[in-house]
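Morning, everyone. Let me put the model up, and then we can walk through it.

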Amino acid sequence: MSKFVMEEAKRCLQCKNPMCVKGCPVNTRIPDVISLFLNSELTQAGEILFENNPLSLVCSHVCPQENQCEGHCILGRKGSPVHFSEIEKYVSDYYLNLEDKKVLPTAPKGEKVAIIGSGPAGITIAFILLRRGYQVTIFEGHDKIGGVMRYGIPEFRLPKSILDRMAERLIHLGVKIRPNTNIGNNLTVDDLFRDGFKAIFMGTGVWHPNKLGIKGESLGHVHFAIDYLRNPSVYHLGKSVAVIGAGNVAMDVARTAIRNGCSHAYILNNMDETGITARSVEVEYAKIDGARIMNFKAVTEIQEEGILLADTHFEETEEGKKVVIDKESAEFFPVDSVIIAIGQGPRAVVVSSTEGIDVTQRGLVAVDEEGRTSRDGIFASGDVVTGAKTVVEAVKVSRRVADAIDHYIQSTSIG
Ligand SMILES: Cc1cc2nc3c(=O)[nH]c(=O)nc-3n(C[C@H](O)[C@H](O)[C@H](O)COP(=O)(O)OP(=O)(O)OC[C@H]3O[C@@H](n4cnc5c(N)ncnc54)[C@H](O)[C@@H]3O)c2cc1C
Ligand code: SF4
């Protein structure tokens, strides 16, 4: 263990009113975990973390802690906050290696629950319902579980072995996993109800890339970020890539492209610095890795050998600032490939093959506070409900939805 982890733990003041806990979206009992860690009670510390958040190990790697626990730590007001993420990483990693006795249900209920999608939302629901004695089956469109954690976030930020260990634990606890199975294409939600699943959970995320709608978008050297990140090694980007967009996904794309042989990665932001929505730490890393961020630039056309790149400026309107493209300034900018990273929306495959599931104007699944969709027995949470968010946000809501599923099955089983 790095000395740093221990030193950070010793710096904690064990506040009576811990601001770090308030800043954490899932209110992790940070001082308790730190105290147990310092007292060599690692199993108990791990249990607290895991029962509160089955994805604590993932969160320790990818949460934007600077806005959450660490951003709220009292020590951060005058100096450096306690870097709890490193302590959480150590404890959660230790705990994930232990044989899971605590999670096993004491009294199996036996009813079957279907989970469509194995991202953070689906995995959270699976662990909670397992603990309550349900038989859980996960249907996953990809060949492995994890959702964006596996097929979006790059290996250098989140080791995939963590997800393999989670899959092992789920299987060990009795979960059945059907990989390469897209519900809605062949098997439908109605098939699942027919086969005895008492409730169905949809955690299908947002996998439909937004288009730019400009000339050249369908050319052979143009790709969408979410497709590229799924399996970067199969792409031949050449030596230079233009990444359109300036969010976290764009930073991941640029850094991945550089690691796969691109010597020039240009991140094109159509605004000033405020248009860079990525975490500042990710922006810093992208720059360190060699990416170049170009502000006030918009692509007006994609051509075989490069892009037409125009300047932009702000214009004040009644609604606020508007980005205006100075079309006449457009100049040819040579690049070997282009990756579009301007966000994702949901795919409609489950909703379009199932009657009675209402969606919002953005095509997201409409739910009530507890994650109930408009169709009886079908629940949803995660990005497919909220639009693109974070791992911990998916965990937070899914804990509530798991309660609602439990309550639904118990109330419909009576009588
Ligand atoms: C590149 C990238 C980087 C990110 N980095 C971070 C980060 O650093 N920190 C952070 O907190 N968040 C990050 N996020 C956001 C975070 O990963 C998501 O908010 C989170 O994964 C959402 O979880 P989910 O369970 O709702 O959906 P997803 O993770 O999208 O999982 C949905 C799963 O459902 C499956 N599925 C979809 N349709 C079907 C179907 N019909 N049948 C069967 N299976 C289906 C998909 O294959 C997928 O496995 C990032 C997102 C991206 C795209
Ligand atoms: S706010 Fe900081 S110092 Fe106080 S309990 Fe939390 S981590 Fe420890």
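I will take the two ligands, then two helix pairs, then a hairpin.

One caution before we start: this is a predicted model.

Ligand 1. How many residues surround it? The shell has 41 residues. The closest are Gly 117, Gly 119, Gly 147, Gly 205 and Gly 382. Several helices supply two or more residues each to that shell. They are helix 8 (120-131), helix 9 (148-151), helix 12 (225-230), helix 13 (248-259), helix 15 (349-352), helix 16 (383-386) and helix 17 (391-413). By class, the shell around ligand 1 splits into 21 nonpolar, 16 polar and four charged residues.

Now ligand 2. Here 14 residues form the surroundings. Cys 12, Cys 15, Cys 20, Cys 73 and Val 82 are the closest. The elements giving two or more residues are helix 2 (19-23) and helix 3 (30-38). What is the class make-up around ligand 2? There are 13 nonpolar residues, one polar and no charged ones.

On to helix packing. We describe two packed helices by the angle between their axes and by the distance between the axes.

The first pair I will show is helix 1 (residues 3-11) with helix 7 (residues 84-96). The angle is about 115°, and the axes lie 9 Å apart. The crossing of helix 1 and helix 7 is left-handed. From helix 1, the contact uses Phe 4, Val 5, Glu 8 and Ala 9. From helix 7, it uses Glu 86, Ile 87 and Tyr 90. That gives five nonpolar residues, two charged and no polar.

Next, back to helix 13, one of the helices in the shell around ligand 1. Helix 13 packs against helix 14 (residues 280-289). Their axes are 10 Å apart, at an angle of about 20°. So helix 13 runs roughly parallel to helix 14. Helix 13 also passes helix 14 in a left-handed crossing. Which residues meet here? Helix 13 brings Asn 248, Met 251, Ala 254, Arg 255 and Ile 258. Helix 14 answers with Glu 282, Val 283, Tyr 285, Ala 286 and Asp 289. By class, this contact has six nonpolar residues, one polar and three charged.

Last, the strands. Strand 11 (residues 306-317) pairs with strand 12 (residues 320-334). The sense is antiparallel, over 11 bridges. Take Phe 314: its bridge partner in strand 12 is Val 323. The two strands, 11 and 12, make a hairpin, with two residues between them.

That's my tour. Over to you.

Technical notes. Residues numbered from 1 in each chain as written. Chains lettered and ligands numbered in written order. Predicted model: local features only at pLDDT ≥ 70, side-chain atom pairs only at ≥ 80, totals over all residues. Near = placed C-beta within 6 Å. Helix = DSSP H or I, 4+ residues; strand = E, 2+ residues; numbered from the N terminus. Nonpolar A, V, L, I, M, F, W, Y, C, P; charged D, E, K, R; others polar. Axes fitted to C-alpha atoms, helices over the stretch in contact; angles between N-to-C directions. Left-handed = near helix turned anticlockwise from the far one by under 90°. Contact = placed C-beta atoms within 7 Å. Pairing = 2+ DSSP bridges. Parallel < 35°, antiparallel > 145°, perpendicular 65-115°, else oblique.
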